[in-house]
Amino acid sequence: MAAAAAASAAASSFPSSFPPPSPTSWPEPLYCLGPDHARERLQDDAVKTVTSVEQTRVEDKIEEVFSAYRINHHVPRLILQREKHFHYLKRGLRQLTDAYECLDASRPWLCYWILHSLELLDEPLPESVASDVCQFLDRCQSPNGGFGGGPGQQPHLAPTYAAVNALCIIGTQEAFDIIDREKLLRYLYSLKQQDGSFIMHIGGEVDVRSAYCAASVASLTNIITPTLFEGTAEWIARCQNWEGGIGGVPGMEAHGGYTFCGLAALVILKKECSLNLKCLLQWVTSRQMRFEGGFQGRCNKLVDGCYSFWQAGLLPLLHRALHAQGDPALSMSRWMFHQQALQEYILLCCQCPAGGLLDKPGKSRDFYHTCYCLSGLSIAQHFGSGDILRDVVLGVPENRLHPTHPVYNIGPDKVVHAVMHFLKKPVPHLEEAATATAKNVTAAN
Ligand SMILES: [Zn+2]
């Protein structure tokens, strides 16, 4: 029973004590076709800078997309090109173009981006493909624990996160059995620093991504020991800066990707309250672009489809954390961002006509942006979780995606399945864990 409760707590994006939300419908016409929408464009006060010129150029391009849609569609019915995206993804699992050569050290990422996109589209993975992916990821696992970017490559926390997520999406016995939990725990200890942070790989850099990757894989596979994350929450809290968001390391500029990693790691460690949540909320809501509807990654940067997840994915985490603090001002039916505007941006500006999704109009499609545009679209479509899941799907009903878990970014059902599976196994007992405890006891004395 305790295991079931832990799994369902891990899967819900906020407690189930919310009353059921009242039904609402999307306003017509589309937000981006409203009469006052042009007023949301950048006002540069006749002072041109490099960034204001760039921003205006992007807004011009996006206005073209919105205008073309207005002219061609009298009854707005936005459509997610499911079939096209499915074929693009399916092909990618078997064959990649030369353009992906530069991602040779990120091959587990390609597996994860494609598998997660397919689960969001509710496309089942044939058993033979799932098994082939398992065998490939098995070859990426290092004899010393953790996963490398490809067979025979050095282990690294980023592909370790991607491989564990991909294996949990597959969710078969074969997939779970591949993860060597004892060696994984040993590997995580080898990356842990005295101040609570983690390095990305042996000899590598420290930043907040590593704390998230470590917390994510350790919590999914039930290998968290009392000492593994000692000091980590305090170190992450130091990465929140005056802007309200989180930088890569203490003192750095706030950034969407790092902010997601920092907050999601703290949610796993149950230490969200170490951050100033109101300042974080103000920072992230200010990153949604008034004209484009999508999100920017940092202040004064351009809109980019992948931040549909890194930024919008913060709002379910913040909603839950603020709810736990008893904030009476929280909505019971909407996240605290413009869910409709984000769906319009993704559906109108980020779909490649040949399949796949992209950063912004004029850019090429790729699997990374396909994964994170779809993940963000899913966040914008579904408020809440479990019994009070509240769909707000823009366009035709077939646009509805499978929900995603805002902490792990795989299906909530897959999180429950993995957590339940690994809770049946004991946390590995390691020398490193005992040594770390002894060291701390000595330090405390
Ligand atoms: Zn991007």
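Where is Gly293 found? The points below start with that residue and then move through the rest of this predicted model.

1. **Gly293.** The residue sits in the loop between H12 and H13. Gly293 is buried, and its relative accessible area is 2%. Leaving aside residues up to four places away in sequence, Gly293 touches Gln288, Ala341, Leu342 and Tyr345. Gly293 can also be compared with Ile346: the two are 53 residues apart along the chain, and their C-alpha atoms are separated by 8.6 Å.

2. **The zinc site.** The loop between helix H12 (277-285) and helix H13 (307-310) also holds Asp304, one of the residues that coordinate the zinc ion. The donor atoms are listed as Asp304 (OD), Asp304 (OD), Cys306 (SG) and His369 (NE2), at 2.1 to 2.4 Å. Asp304 thus appears twice in the list of donors. Along the sequence, the spacing of the donor residues is D-x1-C-x62-H. The pair Asp304 and His369 links distant parts of the chain, 65 residues apart, with His369 in helix H16 (residues 367-381). Both Asp304 and His369 are buried.

3. **Geometry at the zinc ion.** Why is the arrangement around the zinc ion irregular? The four donor atoms subtend angles of 57 to 128 degrees, and this range makes the arrangement irregular. To count as tetrahedral, four donors need all angles between 85 and 135 degrees. The lower value here, 57 degrees, explains why the site cannot be given that label.

4. **Two residues with positive phi.** Most residues other than glycine have a negative phi. Asn300 is an exception in the loop between H12 and H13: its phi is near 70 degrees, a positive value in a residue that is not glycine. Asn300 is exposed, with a relative accessible area of 54%. Asp122 also has a positive phi, about 60 degrees, and is not a glycine. Asp122 is located in the loop between helix H4 (107-120) and helix H5 (127-140). The relative accessible area of Asp122 is 45%, so this residue is classed as partly exposed.

5. **Helix H4 and the loop after it.** H4 has 14 residues and reaches 20 Å from its first C-alpha to its last, close to the 20 Å expected at 1.5 Å a residue. The helix is mostly covered, with 13 of its 14 residues buried. H4 is followed by Asp122, the residue with positive phi. The loop between H4 and H5 also contains Pro126, which is partly exposed at a relative accessible area of 47%. Pro126 and Ser219 are 93 residues apart in sequence, and their C-alpha atoms are 28 Å apart in space.

6. **Helix H9 and its partners.** Two packed helices are described by the angle between their axes and the distance between the axes. For helix H9 (residues 208-220) and helix H11 (residues 256-268), the angle is about 40 degrees and the axes are 8 Å apart. Their crossing is left-handed. The contact involves residues including Ala211, Ala215 and Ser219 of H9, and Gly262, Ala265 and Ile268 of H11. H9 also packs with helix H6 (residues 157-170), at an angle of about 30 degrees and with the axes 9 Å apart. The crossing of H6 and H9 is left-handed. Among the residues that meet there are Leu157, Tyr161 and Val164 in H6, and Cys213, Val217 and Leu220 in H9.

7. **Ala163 in helix H6.** Is Ala163, a residue of helix H6, buried or exposed? Ala163 is buried, with a relative accessible area of 0%. Not counting residues up to four places away in sequence, Ala163 touches Pro108, Leu137 and Phe147. Val419 lies 256 residues from Ala163 along the chain, and the C-alpha atoms of the two are separated by 16 Å.

8. **Helix H2.** At 1.5 Å a residue, the 23 residues of helix H2 (residues 50-72) should span 33 Å, and the end C-alpha atoms are 34 Å apart, which agrees. In H2, the buried residues include Gln55, Glu59, Ile62, Phe66 and Tyr69. In an α-helix there are 3.6 residues a turn, so residues three or four places apart point the same way. The buried residues of H2 pack against helix H15 (339-349).

Conventions:
Residues are numbered from 1 along each chain as its sequence is written. This is a predicted model: local features need pLDDT of at least 70, side-chain atom pairs count only at pLDDT 80 or more; totals for chains, interfaces and linings use all residues. Side-chain values use heavy atoms; hydrogens and water are left out. Donors are N, O and S atoms within 2.8 Å of the metal (3.2 Å for Na, K and Ca); water is not among the atoms, so sites may look incomplete. Four donors count as tetrahedral if all angles lie between 85 and 135 degrees; four count as square planar and six as octahedral if opposite donors are over 155 degrees apart and all others between 65 and 115; anything else is irregular. Helices (H or I, at least four residues) and strands (E, at least two) are DSSP runs, numbered from the N terminus. Buried means under 20% relative accessible area, exposed over 50%, partly exposed in between (1.4 Å probe, protein chains only). The expected span of a helix is 1.5 Å times one less than its number of residues. Axes are lines fitted to C-alpha atoms, for helices over the stretch in contact, and angles run from 0 to 180 degrees between N-to-C directions. A crossing is left-handed if the near helix is turned anticlockwise from the far one by less than a right angle, and right-handed if clockwise. Contact means heavy atoms within 4.5 Å.
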